[in-house]
Amino acid sequence: MKVAAVLLVLLASFYLSDALGTSDGAVLFENDIKVLQTAQFSEEGSAALYDAFLTRWDFSLFQIIEYTAEQYTKFLYLQQQHKRQAKLIKDTLESLRPGSSLPACTYNWPFNDPREALELASQLANSSVGSFDLLIRYSTNQEVAALLYHISTNNARESAYWETIWHRNPFPLAFEQIEDPSSLLARWSRWSNCPFSDATLIPSDYFYQPPSTTPAPSFQNGVYRRSIIPSAAQLSANNRNLNRYLHTVERLAVTFYGYVLNRFTAANFRAAGYSNTDYLYLGYINQHHIASAQTFSTLSGSNAYPVCTYTIPQYATLQEYFALAQRIEDLAVSIHGGSLSFYHDENLQLLVATIGSVEARHSTWLRVVNNQNPFTESTPLYSPTEGVQLISQFQRCPFEYVIPDRFVYPPGDLFPRSSTAAAPVSSSFVSQTRYYETGESLIGCTAAPTTYPPSNDHTLNINLHDLF
């Protein structure tokens, strides 16, 4: 409810501007409506799928197919979560334009076996994550982007939960596999009958552009006031400060996992009651953070912050380190999500969103291993100021962070996007095989062990280094 209240208050004023009637403002406003309608279509479909399952099969059937009472309660939770998320999207649409939320659809589901239904629910949650990450790039409204990130990470947790209890890899990629919204809509259209055409919902992609430097109304740090609009150089510096800040966050994670995997062998894991798979998956998580750290290192270049001194607690048991790993992953999800609204670059926003949703998958697996609730009611979004304070408990650094500014614009000429559509993003984000070996000497972190096998999937689905 807190998320809903904050979003609706901010959205109510975001588009109110004398410039709303200009071509840029009108085009971008319409695009955000489509972004939200696409999200509503997806979330209402997911809720309907869970409804159909529970109408056909009850807990006794779950027992027959060897699911536990606890897993059944998780199924009920996910049903309600999709309903809450669909309602939040509809409320947001109605706050922007009364009557713009979509009418209800009916569905024809292709399954007759409960296992098929569960598999379909997992697949749809999995594909929706990449689509919602891409919708974050499409949206020109930072509060809409925050809502989409909230849902994306929730759906990532859902997918990771099913994969974990089915003993399948819950996080095979270092960066989320993105999916174009048109593909998501086409998939849902296979099973839905709707009083609208899904083709009318497909949003466009718009490039950021440097804003005018003329004094004009703007939001800065969340407060509406007249201020000097930042120059392109200022915005570029802001992006750079964000990159090197997130670089230090990923360095911390790599150092932590490297320490744990160096200190404890696979035999130590088994002796503590963990499995060989648990040992492997902790190694996969470390590799993902190495890939993210290397990416932010490349983006930061010579501007990267110097290496910090890290303080890893000296716990006696692996259980304590698994608990701390869960805290670190939850923190990473919130830090990356809180950074989105500070960026002034659509590629960087997408990069950060795809990292954050994978870290939500890490968190869910760790929560299951730790016998904790795999889901969260909401994901707090920590600003860079808050993030720096939170990670300071683990590191001492020979520098002062340059805290980025948050610039938010009303519609019209001041919008940080061009109303000229960009090239389809899907053509830029192509698969690229890229090995990130453990060790990470390039960013000065403690070397991770090489005794465990590498991840079963070395393909990073985004050719990140060609984008910047």
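## Close-up views of a predicted model

Phe75 is buried, with a relative accessible area of 2%. This value, like the others in these legends, is computed from a predicted model.

**View 1. Phe75 and Trp162 form an edge-to-face aromatic pair.** The ring centres are 6.1 Å apart, and the planes meet at 65°. Phe75 belongs to helix α4 (residues 69–96) and Trp162 to helix α6 (residues 142–165), so the pair ties together parts that are 87 residues apart in sequence. Trp162 is also buried, at a relative accessible area of 0%.

**View 2. Phe53 and Trp57 form another edge-to-face pair.** A search of the whole structure gives 34 aromatic pairs. In the pair of Phe53 and Trp57, the centres lie 4.8 Å apart, with 65° between the planes. Phe53 is buried, with a relative accessible area of 1%. Trp57 is buried as well, with a value of 13%.

**View 3. The charged end of Arg84 sits over the ring of Tyr77.** The distance from this charged end to the centre of the ring is 5.3 Å.

**View 4. Glu30 and Arg97 are joined by a salt bridge.** Side chains of opposite charge can pair when their charged atoms come close. For Glu30 and Arg97, the distance is 2.3 Å from N to O. Glu30 lies in helix α2 (residues 23–56), while Arg97 lies in the loop between α4 and β1 (106–107), so this salt bridge ties together parts that are 67 residues apart in sequence. Glu30 is partly exposed at 36% relative accessibility, and Arg97 is partly exposed at 29%. The structure has 12 salt bridges by the rule used here.

**View 5. Glu119, Glu163 and Arg168 are linked in a network of salt bridges.** Within this network, the side chains of Arg168 and Glu163 meet at 2.7 Å, N to O. Arg168 is partly exposed, at 32% relative accessibility. Glu163 is buried, with a relative accessible area of 14%.

**View 6. Glu179 forms a salt bridge with Arg187.** The closest N and O atoms of the two residues are 2.8 Å apart. Glu179 is buried, with a relative accessible area of 14%, whereas Arg187 is partly exposed, at 25%.

**View 7. Helix α13 (residues 384–391) contains the buried residues Pro384, Gly387, Val388 and Ile391.** They cover an arc of only 100° around the axis, which puts them on the same side of α13. An α-helix has 3.6 residues a turn, so residues three or four places apart point the same way. The cover over the buried residues of α13 includes α8 (232–263), α11 (318–339) and β7 (395–396).

**View 8. His167 has a positive phi of about 60°, although it is not a glycine.** His167 is part of the loop between α6 and α7 (181–189). His167 is exposed, with 73% relative accessibility.

**View 9. Asn371 is not a glycine, yet it has a positive phi of about 60°.** The loop between α12 (346–369) and α13 holds Asn371. Asn371 is exposed, with a relative accessible area of 70%.

**View 10. The whole protein chain has 13 helices and 11 strands.** Of its 468 residues, 59% count as buried. Among contacts between residues at least 6 apart in sequence, 85% join residues at least 24 apart. The chain exposes about 18,100 Å², and carbon and sulfur atoms supply 53% of this area.

How values were computed. Residues numbered from 1 in each chain as written. Predicted model: local features only at pLDDT ≥ 70, side-chain atom pairs only at ≥ 80, totals over all residues. Heavy atoms only, no water. Buried < 20%, exposed > 50% of the residue type's maximum accessible area, 1.4 Å probe, protein only. Helix = DSSP H or I, 4+ residues; strand = E, 2+ residues; numbered from the N terminus. Arc of directions from axis to C-beta. Contact = heavy atoms within 4.5 Å. Phe/Tyr/Trp six-rings, centres within 6.5 Å; stacked < 30°, edge-to-face > 60°. Lys NZ or Arg CZ within 6 Å of the ring centre and 35° of its normal. Areas by Shrake-Rupley, 256 points an atom, 1.4 Å probe, with all protein chains shown as cover. Salt bridge = Lys/Arg side-chain N within 4 Å of Asp/Glu carboxyl O.
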